[in-house]
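Here's a quick briefing on this chain, written to be read with the structure open beside you. Have a look, then follow the bullets topic by topic.

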Amino acid sequence: MSDHMTSQTMSDRAPPNKHAAAPPNQDAATAPRAVLDGELAADDSTFAPAMRLLGEPSRADVRTLYGVLRTIDDLVDDDDPRAPERVEALERWAHGWAPDSPEAHALSALAERHPLPREQLGEFCRGMRHDIARETIVDDADFERYCQQAGGSVGIVLAVLLGAAGPEEDRAKSGMAALGRAMQVTNILRDIDEDLAHGRVYIAQTTIERFGFPHPGAREELLRDQIGRADALYEDGLGAIALLRSGRRAMGLATALYREILRQLERDGFGRKPGRAVVPASRQRQLAAEYRTRTGDSARAKAPRRA
């Protein structure tokens, strides 16, 4: 659910130190730069229209979570030399240690208001370690595990922030995890060329053996297969949206916007040309307008029509 988290960049130069320092006159422990970076990043992300549908305090809480995970993800994607220590610091906090990084301080404050599932936050860190090490994804089991670490774990944390509780709590968390995995698969399919340029391959080796290496113009069968996988995960998770106490319209829109990326991959000819699939702004506005008028259980995301 990381949007990877939006665009990935890599340079021989050290990335700007946007993650480390708090703004002037602010205490880094109480106002970590991670949160502020995340708020700005959220406005440019796929999730931006959905976040605007959240009421307070849910919006602030979700933006804080996004800020933390986006900061960690950017450090990792940028091959920033600080990435391993920042992942490790977040991992320590997830295992019960006192917070000792901007991201851990932000989550510690959030945990005062919500019973954050630290096991899943540790799981997210394991996904980031996978990226740092550029580990090979061998088979479907490896692929599912990675998608759960990088996306499904975030879905479970979101379920907690948006009020999954009571007799349907486990079902809501399971469904939100499926949506998180679906979004991670979507990220992987959308970003194949960017990832290859940065030395990262997220498609399982067994899938590549079946369909061939995903070069532009030679990956239609692979994409058809993996789009089907993602669509099945979206279907598995859609029912969880109605089980949330808040944020139903927001999660419905976020899901619809992400699923539309799959339809754009289809419209673009299943990777016939290199580059990232980009859903036209007019289509994004259309989806956002539809969800602004929805309320309650009607916020369940519809499956976008196939191309």
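Let's start with Arg229, which sits in helix H11 (residues 220-237). Keep in mind that this is a predicted model. Arg229 is a charged residue, yet it counts as buried, because its relative accessible area is 19% and the cut-off for buried is under 20%.

**Arg229 and its helix, H11**

- Setting aside neighbours up to four places away in sequence, Arg229 is in contact with Asp140, Phe143, Glu144 and Val185.
- Arg229 has company on the inside of H11: the helix's buried residues are Leu222, Leu223, Gln226, Ile227, Arg229, Ala230, Asp231, Leu233, Tyr234 and Gly237.
- The cover over those buried residues includes helix H7 (140-161), helix H8 (169-190), helix H9 (192-197), helix H10 (205-211) and H12.
- The length of H11 checks out: at 1.5 Å a residue, its 18 residues should span 26 Å, and the end C-alpha atoms are indeed 26 Å apart.

**H11 against H12**

- When two helices pack, people describe the pair by the angle between the axes and the distance between them.
- For H11 and helix H12 (residues 248-267), the angle is about 160° and the axes are 11 Å apart.
- An angle over 145 degrees counts as roughly antiparallel, so that is how H11 and H12 run relative to each other.
- The crossing of H11 with H12 is left-handed.
- On the H11 side, the contact uses Ile227, Ala230, Asp231, Tyr234 and Glu235. They meet Thr255, Tyr258, Arg259, Leu262, Arg263, Leu265 and Glu266 of H12.
- Sorted by class, the H11 and H12 contact residues come to six nonpolar, one polar and five charged.

**H3 against H5**

- Helix H3 (residues 58-77) and helix H5 (residues 102-111) have axes that come within 10 Å and cross at roughly 155°.
- That angle makes H3 roughly antiparallel to H5, and the crossing is left-handed.
- H3 brings Asp61, Thr64, Leu65, Val68, Thr71 and Ile72 to the contact, while H5 brings Glu103, Ala106, Leu107 and Leu110.
- By class, the contact of H3 with H5 has six nonpolar, two polar and two charged residues.

**More on H3 and Asp61**

- H3 is largely enclosed by the rest of the structure, since 18 of its 20 residues are buried.
- H3 also passes the length check: 20 residues at 1.5 Å each should span 28 Å, and its end C-alpha atoms are 28 Å apart.
- Asp61 lies in H3, and it is buried, with a relative accessible area of 4%.
- Not counting neighbours within four places in sequence, Asp61 is in contact with Leu110, Arg113, His114 and Leu161.
- Just after H3, have a look at Asp79, which takes a positive phi of about 50°.

**Links from the N-terminal part to H12**

- Ala50 is in helix H2 and is buried, with a relative accessible area of 5%.
- In sequence, Ala50 and Ala254 are 204 residues apart, but C-alpha to C-alpha the separation in space is 5.4 Å.
- Leaving out residues up to four places away in sequence, Ala50 touches Ala250, Leu253 and Ala254.
- Phe47 sits in the loop between helix H1 (33-42) and helix H2 (48-51). Phe47 is buried too, with a relative accessible area of 8%.
- From Phe47 to Leu253 is 206 residues along the chain, and their C-alpha atoms are separated by 8.4 Å.

**The whole chain**

- The protein chain has 13 helices and zero strands.
- Of the 307 residues in the protein chain, 56% are buried.
- Among contacts with a separation of 6 or more, 74% are between residues 24 or more positions apart. The Ala50 and Ala254 pair, 204 residues apart in sequence, is one to look at on screen.

Key: Residues numbered from 1 in each chain as written. Predicted model: local features only at pLDDT ≥ 70, side-chain atom pairs only at ≥ 80, totals over all residues. Heavy atoms only, no water. Helix = DSSP H or I, 4+ residues; strand = E, 2+ residues; numbered from the N terminus. Buried < 20%, exposed > 50% of the residue type's maximum accessible area, 1.4 Å probe, protein only. Axes fitted to C-alpha atoms, helices over the stretch in contact; angles between N-to-C directions. Parallel < 35°, antiparallel > 145°, perpendicular 65-115°, else oblique. Left-handed = near helix turned anticlockwise from the far one by under 90°. Contact = heavy atoms within 4.5 Å. Expected span 1.5 Å × (residues − 1).
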